[in-house]
Amino acid sequence: MYTFSSKLKTFSFILMILGLVGIGIGFMAAPKTIEDVEKILANSHHEGNHSAAPAHGEVVHAIEEGKDAVEHGETKVSDSVVTTLAAHADASVNNVDSSSVHADVSHDVVAEPAAHSDNHDAHATADAHSHDDHTAHLEHVLHQLQNKPWAALYVACIFFMLISVGVLAFYAIQYAAQAGWSPILFRVMEGITAYLLPGSIIFFLFLVITGAHVFEGNHLFVWMNPDVINPEHADFDKLIFNKKGWLNVVRFLVTAAIFLAVWNWVRFKFRQNSIAQDTATDNAPYKRNFKLAAFFLVFFIVSESIMSWDWIMSVDPHWYSTLFGWYVFASFFVSGITVIAMITLYLKSKGYLEHVNTSHIHDLAKFMFGISIFWTYLWFSQFMLIWYSNIPEEVTYYVTRIEHYKLPFFGMLALNFIFPLLILINTDFKRLTWIVVMAGIVILFGHYIDFFNMIMPATVGDQWFIGIPEISSLMFFLGLFIFIVFSALTKAPIEPKGNPFIEESKHFHY
Amino acid sequence: MSNKVIHAIYNDDDVLMDAVKQTRAAHHHIEEVYTPFPVHGLDKAMGLAPTRLAICAFIYGLVGLTVATTLMNFIMIQDWPQDIGGKPSFSYIDNMPAFVPIMFELTVFFAAHLMVITFYMRSKLWPFKQAENPDVRTTDDHFLMEVGIHGNEEELVSFFTSTGAVEVKVVDKH
């Protein structure tokens, strides 16, 4: 029997407490009103004036002005038939020249006010209009900033819950495939899936308070706002309105409840049969698990696909992708396998898994390697098909990511693909504890970033940052995960008995 | 110096494995073992060095990747950067997603084919090659261990008979 080391228990409590404090700070720090946002923006603008970024903005602005002028010039010119093409070209060249001069000038801090007053003169009549724009912009930023702690919580919450779902799927596959190497690890996997129940309760509560709109600042799912499907309202959105048969809160919550309930029920039965097999005189509990695994895998692949539309894709209700479900699956499946490998190595290092040898680790590392590449394949297939066809209505998904999330978006490719590819390709490396642990940490961090990239651009946009709310949410759920998983590991013998493949598994050698 | 060898023939791979271990323990040098199918763990029992074919394949893959990148960079970006359907051809990275399928396939192509050719060369296999089969039964259901004779011939013969060989022959090797 495994005993939960008191050090690890304390560590998990510290993580949870620090995480909770940080989550609280995140919610406190979120702006409440438009005035707060104005202050935040003014501060960042002031700081930004010294850097190159706003200057660049000015240049773009100036060039746009120039383009406007060119267009105006063209309409005037086209009235006169006499104007030759050459003159026309000259005029536009002049205009472009002047705009580039304009741009150059705006680099100069002294000349900036002049350029500004120029703009004001030109657009004096549009002032009122731009004021409205300004308010709308502030409200937009307010919602993004208010979303920040919510989105941070959501990403961490769904990430850890899906890790345990991924492990459950892996466990079911091992049963259905009658794998001979893995039964020795079944208790480790059961321990990890123990997180599913508390994880999914927290997650479901989160969905309920989001759907019921309990908190003012929670705008994670745009389509949950009743205004967007109200034809009378200024925020009316025809595209979301057309999808309201699927995207409505009642259907959303009922589906979530069914999926989570079935997954948890399956997990409960798996565990029950697995424990029963320890003392059984025949293989009846094992056979029940085999059939349950077959049922679960069929149910899982359908529910997993639907849950990816609901819980992740619907933060971008204007966008859709057909292979999204597989993509999400690959992401949390590889994370789940990585967690199995890391916890196995931890328990082995503490001397609890006598019969686990380097061949078992090697197999897990091969799965980490293979599924990492499978994830990349799906990532690339989704990205490349959309990039290639470049259809405006779907390419915006990647445009926002590449524009505002360049480092996390491409960085995760290095973490989730290039690093495991180069490290885990070597057979000898796959048997070394420190290599597998290091690759595991990188893969897990990479897939957190993956979920971050899926949720954040639609909820906080360019206001993202991995700061206190994000790290604290991650810490809280990590602490909870460690506490629940290792508590569950103490509840049953760490090596199962009576499984028909257990002897083979104990002597597994690759 | 005679080039006599002993051909010890077995009809079971388990017996063969034991015989190989005993022969190694008795410090007789095993020239070669002929089997009709791969015997799991035989290379370890014989003490053969692990293959480096996988390392070759990795390097060949890198060569393939380089070839694909150079090829398309030259054709699509340097030599004639046309606008084809609005795809950006200003630099390689701009248009890279479109090249990835080719980069992938050429990596696999080079890794696979060059590795196979390396295998053929290292194991000296080619069409019309004279088969080096000391006993036709080794391709069907018998296992043959070839051991060079240095020293007492009769002692060696009795040693191999005791290892469970169904037949022990002393052969002159040319």
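# Cavities, contacts and a salt bridge

By class, seven nonpolar, two polar and two charged residues line the largest cavity. Ala, Val, Leu, Ile, Met, Phe, Trp, Tyr, Cys and Pro count as nonpolar, Asp, Glu, Lys and Arg as charged, and the others, Gly among them, as polar. This is a predicted model, where local features need pLDDT of at least 70, side-chain atom pairs count only at pLDDT 80 or more, and totals for chains, interfaces and linings use all residues. Residues are numbered from 1 along each chain as its sequence is written, chains are lettered from A and ligands numbered from 1 in the order in which they are written, and side-chain values use heavy atoms, leaving out hydrogens and water.

**Exercise 1.** Find the residues that line the largest cavity, and the helices behind them.

*Step 1.* Searching the whole structure turns up three cavities of 30 Å³ or more. A cavity is a set of points on a 1 Å grid over the protein atoms alone where a 1.4 Å probe fits but cannot get out, and lining residues have an atom within 4 Å of a point.

*Step 2.* The largest cavity comes to about 60 Å³; a volume is the space filled by probe spheres set on the grid points, joined across faces, edges and corners.

*Step 3.* Go around the wall and you'll meet A:Tyr327, A:Trp379, A:Gln382, A:Tyr397, A:Tyr398, A:Arg401, A:Phe409, A:Met412, A:Asp450, A:Asn453 and A:Met454.

*Step 4.* Now the helices (DSSP runs of H or I, at least four residues, numbered from the N terminus). In chain A, helix 13, helix 14, helix 15 and helix 16 (433–459) each put at least two residues into this lining.

**Exercise 2.** Work out which helix gives the most to the lining of the second largest cavity.

*Step 1.* The volume here is about 50 Å³.

*Step 2.* Its wall is made by A:Tyr175, A:Phe186, A:Arg187, A:Ser274, A:Gln277, A:Asp278, A:Pro496, A:Lys497 and A:Asn499. Two elements of chain A supply two or more of these residues: helix 7 (186–193) and helix 10 (249–279).

*Step 3.* Helix 10 of chain A takes the prize, with three residues.

*Step 4.* As for class, you get three nonpolar, three polar and three charged residues in this lining.

**Exercise 3.** Describe the side of chain A that touches chain B.

*Step 1.* Seven residues of chain A are in contact (heavy atoms within 4.5 Å) with nine residues of chain B.

*Step 2.* The two chains bury about 650 Å² between them, and carbon and sulfur atoms give 83% of that. Buried area is the accessible area (1.4 Å probe) lost on putting two parts together, summed over both.

*Step 3.* Of the area that chain A buries against chain B, 65% comes from A:Phe380, A:Trp387 and A:Tyr388, more than any other three residues supply.

*Step 4.* With five residues, helix 13 of chain A gives the most to this side. The class count there is seven nonpolar, no polar and no charged residues.

**Exercise 4.** Count the salt bridges in the structure, then pick one and say which helices it joins.

*Step 1.* A salt bridge is a side-chain nitrogen of Lys or Arg within 4 Å of a carboxyl oxygen of Asp or Glu.

*Step 2.* Over all chains there are 14 salt bridges, while the count between chain A and chain B is zero.

*Step 3.* Take the side chains of A:Arg271 and A:Glu190, which pair up at 2.9 Å, N to O. A:Arg271 sits in helix 10 of chain A and A:Glu190 in helix 7 of chain A, so their salt bridge ties together parts 81 residues apart in sequence.

How values were computed. On a 1 Å grid over the protein atoms alone, a cavity is a set of points where a 1.4 Å probe fits but cannot get out, and a pocket is an open set with protein on both sides within 12 Å along at least five of seven lines; lining residues have an atom within 4 Å of a point.
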